[in-house]
Amino acid sequence: MTDLKKTPLDARHRALDGKMVPFAGYAMPVQYPAGITAEHRAVREAAGLFDVSHMGEFEVTGSQAMELIQYLTVNDAASIEVGQAQYSALCREDGGILDDLIVYRRADSYLLVVNASNRAKDLSWVLDHAGQFDAVVVDRSDEFGLLALQGPRASSILSGLTDLDLDAIGYYRFAEGQVAGVQAIVSRTGYTGEDGFELYVPAGDAPGLWDALMVAGEGAGLIPAGLGARDSLRLEVGYALYGNDLDEEHTPLESALAWITKLDGDDFVGKEALLRQREAGVPTRLTGLRLTARGFPRPGYPVVWNDEEVGSVTSGVLSPSLGEGVALVRVRADLAKAGTELYVRIRDRDIPGVTQRPPFYTEGSVRR
């Protein structure tokens with residue numbers, strides 16, 4: 001733990017008795033004394049506050065900033081308006097996913113928000129291609145603190161700390177202004193299936209904003225939440241995690257990301273390989289699986305059909321909201337169709353389940 005990086009909120013986590021674990025090169029809280037289930041339920045019913053300052057942020061400027069991003073990402077960067085965010089992915093030439101990311105279009109720049117575990121790899125990849133364009137790429141990751149306020153009461157908690165019109169910030173939109181006296185990018189995004197905001201602030205201002213949010217949410221049921229709850233919340237709504245559900249060995253077409261992959265638009269890195277794969281047909285697909293008997297579908301467990309192993313669990317959890325095992329699984333493409341009966345092999349027992357398109361939990365407050 002002594003060799004790990006610390007986020008700007010490290011002292012807050014330790015003061016709250018957060019259980020610290022290694023994650024993507026950082027010391028991060030996996031849970032607090034209330035426990036993962038309590039944190040999960042707080043986000044579903046009231047609000048939770050997460051530290052996600054470990055994420056990477058690259059600023060892209062220049063007259064061809066958009067063209068560079070359009071060339072590197074699978075979605076249509078040209079369609080992003082100022083004040084809008086877009087979910088996308090970076091691919092290798094062979095179509096394998098280097099990372100999934102969010103692209104923010106500010107008035108005079110773009111911000112690429114990437115996964116912490118891929119920060120160095122992604123930066124090298126973007127810089128390697130930037131020379132072909134009139135664009136400047138700067139790694140701003142260490143300059144930002146990033147807090148995620150998530151849950152049905154997030155807006156009411158935040159509204160007392162800012163003059164920004166939160167109701168005017170739509171889903172995957174953002175505004176910039178003061179929050180608790182701190183200059184912030186306030187983005188209506190998140191990883192939980194609930195309404196909420198991600199707040200980008202200067203790293204040195206993150207502890208003060210954390211304190212202000214915790215005080216503002218005191219009577220609204222707000223509690224701090226760690227990586228454990230973040231994982232169970234995202235799985236209930238079927239959000240993919242890079243390194244588990246997404247990787248360089250599989251393409252967006254195999255990974256339930258065809259909806260962000262604009263193969264009929266401008267050229268981008270990996271497009272030709274993806275066009276060939278679309279024509280030939282994908283060998284595997286990522287899909288959801290809901291167990292119909294009691295079981296905890298952990299990553300790596302085999303998925304079975306007709307006594308044959310046909311894939312594996314990439315992410316799984318015993319859902320706190322549903323009381324059932326839910327998972328993302330990678331299986332043979334012909335078995336990924338919704339309604340297919342499959343089994344997860346758990347300690348030599350085959351637990352039955354049915355494939356379905358996520359989300360598994362559908363009662364979230366997220367505004368789309």
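# A walk through the strands and rings

L146 stands opposite Y200 in strand β13, and that pairing is a good place to begin a tour of this predicted model. Let us stay with Y200 for a while and then move outwards.

**Around β13**

The strand opposite is β10, and seven bridges join β10 to β13 in an antiparallel run. On β13 there is a further partner: strand β12 (residues 182–187) pairs with β13 in the antiparallel sense over three bridges. Here I185 is the residue that stands opposite Y200.

Is Y200 buried or exposed? Its relative accessibility is 2%, so Y200 counts as buried. The strand around Y200 follows suit: six of the seven residues of β13 are buried, so β13 is largely enclosed by the rest of the structure.

From β12 you can step on to strand β11 (residues 174–179), since six bridges join β11 to β12 and the two run antiparallel. Within this pairing, G177 stands opposite A184 in β12. The hairpin of β11 and β12 has two residues between the strands, and A180 there takes a positive phi near 55°.

**Rings that meet**

How many aromatic pairs does a search of the whole structure find? The search finds seven. One of them joins F144 and Y200: the ring centres are 6.0 Å apart and the planes stand at 85°, so this pair is edge-to-face. F144 lies in strand β10 (residues 144–150) and Y200 in strand β13 (residues 196–202), so the pair ties together parts that are 56 residues apart in sequence. Another edge-to-face pair is formed by Y171 and Y172, with 5.0 Å from centre to centre and 70° between the planes.

How enclosed are the four residues of these two pairs? The table gives the values.

| Residue | Relative accessibility | Class |
|---|---|---|
| F144 | 14% | buried |
| Y200 | 2% | buried |
| Y171 | 25% | partly exposed |
| Y172 | 17% | buried |

Which residues do ring pairs link into a cluster with F144 and Y200? They are Y104 and F174. A ring can also meet a charge: the charged end of R298 sits over the ring of F296, 4.0 Å from the ring centre.

**A buried glutamate**

Now look at the loop between β12 and β13, where you will find E194. With 4% relative accessibility, E194 counts as buried. A polar contact of 2.6 Å joins the side chains of E194 and S365. Leaving aside neighbours within four places in sequence, E194 is in contact with V43, R44, Q150, G151, P152, Y361, G364, S365 and V366.

**The five-stranded sheet**

Elsewhere, five strands form an open sheet with antiparallel pairing, in the order β6-β7-β8-β5-β9. Why is one side of β6 and of β9 left without a neighbour in the sheet? β6 (85–91) and β9 (136–139) stand at the edges and each has a single partner strand, so one side of each is left open in this way. On average, neighbouring strands of this sheet are turned by 30° against each other, direction ignored.

For β6, the pairing with strand β7 (residues 97–105) is antiparallel and covers seven bridges. In this pairing A89 stands opposite D100 in β7.

Two helices belong to this part of the picture. Helix α4 (residues 119–130) lies across β5 (56–61), β6, β7, β8 (110–114) and β9, and runs at about 165° to β9. Helix α3 (residues 65–72) has A65, L68, I69, Q70 and L72 as its buried residues. Those buried residues of α3 pack against β5, β6, β7, β8, α4 and β9.

**A valine in a loop**

Our last stop is V269, in the loop between α7 (227–236) and α8 (271–280). V269 counts as buried, at 2% relative accessibility. What is V269 in contact with, leaving aside its neighbours within four places in sequence? The contacts are Y71, L72, C91, R92, E93, W125 and H129. As for V136, V269 is 133 residues away in sequence and 19 Å away in space, C-alpha to C-alpha.

How values were computed. Residues are numbered from 1 along each chain as its sequence is written. This is a predicted model: local features need pLDDT of at least 70, side-chain atom pairs count only at pLDDT 80 or more; totals for chains, interfaces and linings use all residues. Side-chain values use heavy atoms; hydrogens and water are left out. Two strands pair if DSSP finds at least two bridges between them. Helices (H or I, at least four residues) and strands (E, at least two) are DSSP runs, numbered from the N terminus. Axes are lines fitted to C-alpha atoms, for helices over the stretch in contact, and angles run from 0 to 180 degrees between N-to-C directions. Contact means heavy atoms within 4.5 Å. Rings of Phe, Tyr and Trp (its six-membered ring) pair if their centres lie within 6.5 Å; planes under 30 degrees apart count as stacked, over 60 as edge-to-face and the rest as tilted. Buried means under 20% relative accessible area, exposed over 50%, partly exposed in between (1.4 Å probe, protein chains only). A charge sits over a ring if NZ of Lys or CZ of Arg is within 6 Å of the ring centre and within 35 degrees of the ring normal. A polar contact is a pair of N or O atoms within 3.5 Å; within protein, one must be able to donate a hydrogen and the other to accept it, and residues adjacent in sequence count only if both atoms are side-chain atoms.
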